[in-house]
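Me: Could you take a close look at one part of this model for me, the place where the two domains meet? I would also like to see how that part sits within the rest of the chain.

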Amino acid sequence: QVIKCKAAVAWEANKPFSIEEVEVAPPKAHEVRIKIVATGICRSDDHVVTGGLITPFPVILGHEAAGIVESVGQGVTSVKPGDKVIPLFIPQCGECSNCLNANGNLCSKNDLSSTTGFMPDGTSRFTCKGKVIHHFVGTSTFTEYTVVHESSVAKIDSAAPLEKVCLIGCGFSTGYGAAVQTAKASSTCAIFGLGGVGLSVVMGCKAAGASRIIAVDINSDKFAKAKELGATDCVNPKDFKKPIHEVLIEMTGQGVDYSFEVIGRIDTMTAALACCQYNYGVSVIVGVPPAAQKITFDPMLLFTGRTWKGSVFGGWKSKDSVPKLVADYMKKKFVLDPLITHTLPFNKINEGFDLLRAGK
């Protein structure tokens, strides 16, 4: 059965979303159709709107969500109708070299690197006004119903509150994992950017046992929440005449042991590298880099021994880890409420993006 439902369609770049009636095709073999109950707004969705992340239009964005399985295609074994699930923008096929390697998690079947805007078989399950609408990173959650491949969905605890655990679909897991998985960040840390993902890095650094957690943002309104979640110091680069990496080196003596760039800007990526200890410091890029921009930096920064790493979805193997993270949330091992600033009805999605852009 084709389902007709509401979706927020981005017809072109730099335009508001349009709430449209779309047709959602039934799932094909190894696909799952999900009723989306709650979806978060992530800066990566906005990067598509502003052209910083390239994906074909028209498109249904959204990749941080939770919902209930409505129907499954032939051959699906890991979920059934009625299951609570989280869609995964990084799939886990279990067969590619990245899935088979203990240190890998960027499944080669992802649509983040290539951004075709289609399901793995090269077609779309969405149409609107007779036009094909593209998918976004295999999830497309700004719609009442979506279709994902079985490798891109994780079954979770049936008691989990979907309006909270949707954040485990991207923001929380990405930040928290960058600290506890990618960096295993103990001792001193600096976090550039205190949005939902940056605050999740703060929580991860605290969970990993960091003694000093320095939160960096040009919006001082973010500092109270950062402190509530574990930051020991908060620094606004606008308060200083000198470059921020010099300020952080002075504060710590030799620089931090771990730094995290959680914004997606090349100037802050270089600053985050420069502020970490020159011989054994580790800097992790968590924010999605802008399209078509290149970094220029002094190679001496790396020659002395620093490590520069990237972290996609916190280094978690998605299908294995998301149910465990939800279980940890249910056991109160971490909180999600402080990351939720507003709850809006779906038809006010444009207001949600306005709040995001205003730093609120």
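Reply: Happy to, and a good place to begin is the record. UniProt, in an unreviewed entry, puts the feature "domain: Alcohol dehydrogenase-like C-terminal" at residues 196-324. In this model, which is predicted, that stretch is 36% helix and 17% strand, with its end C-alpha atoms 20 Å apart. The same kind of record places "domain: Alcohol dehydrogenase-like N-terminal", also from an unreviewed entry, at residues 29-157. There the chain is 9% helix and 27% strand, and the end C-alpha atoms are 25 Å apart.

The domain assignment draws its own bounds: domain 1 is made of 3-171 + 315-358, and domain 2 covers 183-310. The C-alpha centres of these two domains lie 28 Å apart.

Now to the interface itself. On the domain 1 side 10 residues are in contact with domain 2, and on the domain 2 side 13 residues take part. Between them the two domains bury about 860 Å², with carbon and sulfur atoms giving 65% of that area. Three residues stand out here: G171, P338 and L339 supply 49% of the area that domain 1 buries against domain 2, more than any other three residues.

What about polar and charged partners across this boundary? There are 0 salt bridges between domain 1 and domain 2, while 2 residue pairs are in polar contact across the interface. The side of domain 1 that touches domain 2 has 5 nonpolar residues, 5 polar ones and no charged ones.

Salt bridges do occur in the structure as a whole, where a search finds 15. One of the pairs is E20 with K129, whose closest N and O atoms are 3.2 Å apart. E20 belongs to strand β2 (residues 18-24) and K129 to the loop between β6 (126-128) and β7 (131-133), so this pair ties together parts that are 109 residues apart in sequence.

K129 deserves a second glance for its backbone, too. Its phi is near 50 degrees, a positive value in a residue other than glycine. Most residues other than glycine have a negative phi, and most peptide bonds are trans. The second half of that rule has an exception here as well: F57 and P58 are joined by a cis peptide bond, with omega about -15 degrees. P58 lies in the loop between α1 (43-50) and β4 (65-72).

Note on methods
Residues numbered from 1 in each chain as written. Predicted model: local features only at pLDDT ≥ 70, side-chain atom pairs only at ≥ 80, totals over all residues. Heavy atoms only, no water. Domains from an automatic or database assignment. Contact = heavy atoms within 4.5 Å. Buried area = accessible area lost by both parts, 1.4 Å probe. Salt bridge = Lys/Arg side-chain N within 4 Å of Asp/Glu carboxyl O. Polar contact = N/O pair within 3.5 Å; in protein donor to acceptor, adjacent residues only side chain to side chain. Nonpolar A, V, L, I, M, F, W, Y, C, P; charged D, E, K, R; others polar. UniProt positions renumbered as here; feature names shortened; annotations may be inferred. Helix = DSSP H or I, 4+ residues; strand = E, 2+ residues; numbered from the N terminus.
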